[in-house]
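User: Let's go through the labels and check the reasoning behind each one.

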Amino acid sequence: MIAKQLDVGGFDNNFSYIVVEEKTGEGMVIDPCGDVDLIFRKIKEDKIKLKYIVNTHGHIDHIQGNKKISQATGAKVICHRLDASWVSPDIIVEDGDILRLGDLEVKVIHTPGHTG
């Protein structure tokens with residue numbers, strides 16, 4: 001597994017993250033915001049097959065890149081059930097659900113408090 005932190009800035013000086021399963025090149029971006037072009041460059045440079053866009057919560061400074069990235073890559077937008085009204089996800093998850101990237105399993109751990 002490869003995990004990269006991207007300093008994407010934006011109005012709240014945030015970070016986005018890219019997680020990739022090395023064998024298949026399948027990946028996810030977590031909280032796409034700020035400099036979405038930087039996220040696109042990393043996806044292209046590393047030849048990532050983007051499968052998911054994961055939002056840790058529904059605030060705009062964490063979801064603003066969802067639509068642009070999803071439309072360009074076909075990746076599915078994911079969030080927890082309690083933030084679904086903020087995000088309009090393709091896939092709603094619950095605590096304990098598993099997301100798969102090739103052979104990599106990513107377990108959802110719901111940590112409420114910031115929004116849902």
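User: Why is K4 called partly exposed?

Analyst: Its relative accessible area is 27%. Buried means under 20% and exposed over 50%, with partly exposed in between (1.4 Å probe, protein chains only), so K4 at 27% gets the middle label. Bear in mind that this is a predicted model, where local features need pLDDT of at least 70, side-chain atom pairs count only at pLDDT 80 or more, and totals for chains, interfaces and linings use all residues. Residues are numbered from 1 along each chain as its sequence is written, and side-chain values use heavy atoms, leaving out hydrogens and water.

User: What makes D46 and K4 a salt bridge?

Analyst: Their closest N and O atoms are 2.4 Å apart. The rule asks for a side-chain nitrogen of Lys or Arg within 4 Å of a carboxyl oxygen of Asp or Glu, so the pair qualifies. D46 sits in the loop between α1 and β4 and K4 in strand β1, 42 residues apart; helices (H or I, at least four residues) and strands (E, at least two) are DSSP runs, numbered from the N terminus. D46 is partly exposed too, at 32% relative accessibility.

User: How many salt bridges does that rule give?

Analyst: Seven. Another one of them joins D103 and K23, at 2.5 Å from N to O. D103 is in the loop between β7 (98-101) and β8 (104-107) and K23 in the loop between β2 and β3 (26-30), so the bridge ties together parts 80 residues apart in sequence. Both partners are exposed.

User: How do you know that R81 and E94 form a salt bridge?

Analyst: Same kind of check: the closest N and O atoms are 2.6 Å apart, so they meet the cut-off. R81 lies in the loop between β5 and α4, and E94 in the loop between β6 (91-93) and β7. R81 comes out partly exposed at 44%, and so does E94 at 31%.

User: What makes a set of residues a nonpolar core?

Analyst: The members are buried Ala, Val, Leu, Ile, Met, Phe, Trp, Tyr and Cys residues joined through side-chain atoms within 4.5 Å. The largest one here has 20 residues, and I18, I39, L50 and I53 touch the most other members. Its biggest share, four residues, comes from α1. Apart from it lies another core of eleven residues, including V19 and Y52.

User: Which residues does I18 touch?

Analyst: Among them are L6, M28, V29, I39 and I43, leaving aside residues up to four places away in sequence. Contact means heavy atoms within 4.5 Å.
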